[in-house]
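User: Please take a close look at a single helix in this structure. I would like to understand how it is placed in its chain, and then how the rest of the structure is arranged around it.

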Amino acid sequence: MAASAQQGVCIQVRLFASLREATGWSEQLVTPATTARTPLALWQQLGLGPDEPPAGVRVAINQRFASWDAPLTDGDELAFLPPISGG
Amino acid sequence: MADGPLPLDGPLLAIAVEPAPFDPLQSLAAWHTKLAAALGDLPAAESHFIGRVRPTAAGGEALSALELEHYPGMTEAQLHTLASAAAARHGATAVLVRHRVGRVLPGESIVLVAVAASRRGPALRCCQELLEALKHEAPFWKREWLAAGSSSWVQGNTPL
């Protein structure tokens, strides 16, 4: 059963700037709904935007840039970062 | 050993995310004092970039303020990573980065990058490369607040 495979797996999801305002929340603990434990799967599960994330939106796992298909493990901090505009 | 320059095994990095206004010239003076204490003499070449908030928004309207959001922890770590990599690539001796967060008013300094090196080439190239890197690779987000009270998130960076 798919659900049992996810038992106990919790990912701390964080949103910033325009993504945070569009959704109305900044962070929450999320249990992956499927065995696909990747940033892309959680992006789609949470309905954060189009299934194919917009160009310029990036991902960080435990405060380091990561790819959309990087594996997530229990306790990871996952952040979705809208296009950066510093300096 | 109480006196004399400290032994160095890499570039001297001074990185700060600033929630309050800072004076870039005072920052440079304080940095020089620390560099002189660590190195004995200041390096022969030094380059600086000071970025200030424009009085107008991207659309040309009068700007009342910029709001700078960041990712506490990751932003500082990423600035360190970028500064360390740029300094190593160009053989720079020391790098200073100060970057504002929070509400920043037109005319206020938003970023200061300074690089000290043995020659002008590495100092200038490292400074420009690091500035471009932090604009694209350090998690900061700008929101423009207009005089009328509306606001919008800035998408991307201004042209070089």
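Analyst:
**Helix 3 of chain B**

In this predicted model, the buried residues of helix 3 of chain B are Pro122(B), Ala123(B), Cys126(B), Cys127(B), Leu130(B), Leu131(B), Ala133(B) and Leu134(B). Viewed down the axis of helix 3 of chain B, these buried residues fall within an arc of 170 degrees, so they line one face of the helix. A general point about helices helps here. An α-helix has 3.6 residues a turn, so residues three or four places apart point the same way.

Helix 3 of chain B covers residues 120–137, which is 18 residues. From its first C-alpha to its last it reaches 25 Å, close to the 26 Å expected at 1.5 Å a residue.

What do the buried residues of helix 3 of chain B pack against? Their partners are strand 2 (45–52), helix 2 (74–90), strand 4 (94–100) and strand 6 (109–117) of chain B.

The next step is to place this helix within its chain. Chain B contains three helices and eight strands. Starting at the N terminus, the order of its elements is β-α-β-β-α-β-β-β-α-β-β. Of the 160 residues in chain B, 34% are buried. Among the contacts in chain B between residues at least 6 apart in sequence, 76% join residues at least 24 apart. The C-alpha trace of chain B spans about 60 × 30 × 25 Å along its principal axes. The radius of gyration of chain B is 17 Å, which agrees with the value near 15 Å that a compact globule of 160 residues would have.

Chain B is also in contact with a second chain. In that interface, 13 residues of chain A are in contact with 22 residues of chain B. On the side of chain A that touches chain B, the elements giving two or more residues are helix 2 (17–23) and strand 5 (77–81) of chain A. The residues on that side of chain A comprise eight nonpolar, five polar and no charged.

Strand 5 of chain A deserves a closer description. Four of its five residues are buried, and the strand is thus mostly covered. Strand 5 of chain A pairs with strand 1 of chain A in the parallel sense over four bridges, and with strand 3 (residues 58–61) of chain A in the antiparallel sense, also over four bridges. Leu78(A) in strand 5 of chain A is the bridge partner of Val13(A), and Leu78(A) is likewise the bridge partner of Ile61(A).

Chain A as a whole has three helices and five strands, which follow the pattern α-β-α-β-α-β-β-β along the sequence. Its radius of gyration is 13 Å, close to the 12 Å that the globule rule gives for 87 residues, so chain A is as compact as a globular protein of that length. Buried residues make up 26% of the 87 residues in chain A. Among contacts in chain A between residues at least 6 apart in sequence, 52% join residues at least 24 apart.

One example of residues distant in sequence involves Gly8(A), located in the loop between helix 1 (2–5) and strand 1 (11–15) of chain A. The C-alpha atoms of Gly8(A) and Asp74(A) are separated by 7.5 Å, although the two residues are 66 residues apart along the chain. Gly8(A) is exposed, with 7 other C-beta atoms within 10 Å.

Key:
Residues are numbered from 1 along each chain as its sequence is written. Chains are lettered from A and ligands numbered from 1 in the order in which they are written. This is a predicted model: local features need pLDDT of at least 70, side-chain atom pairs count only at pLDDT 80 or more; totals for chains, interfaces and linings use all residues. The radius of gyration is taken over C-alpha atoms; the globule rule is 2.2 Å times the number of residues to the power 0.38. A residue is buried if 20 or more other C-beta atoms lie within 10 Å of its own, exposed if 12 or fewer, and partly exposed in between; C-beta atoms are placed from the backbone. Two residues are in contact if their C-beta atoms, placed from the backbone, lie within 7 Å. Ala, Val, Leu, Ile, Met, Phe, Trp, Tyr, Cys and Pro count as nonpolar, Asp, Glu, Lys and Arg as charged, and the others, Gly among them, as polar. The expected span of a helix is 1.5 Å times one less than its number of residues. The arc is that of the directions from the helix axis to the C-beta atoms. Two strands pair if DSSP finds at least two bridges between them.
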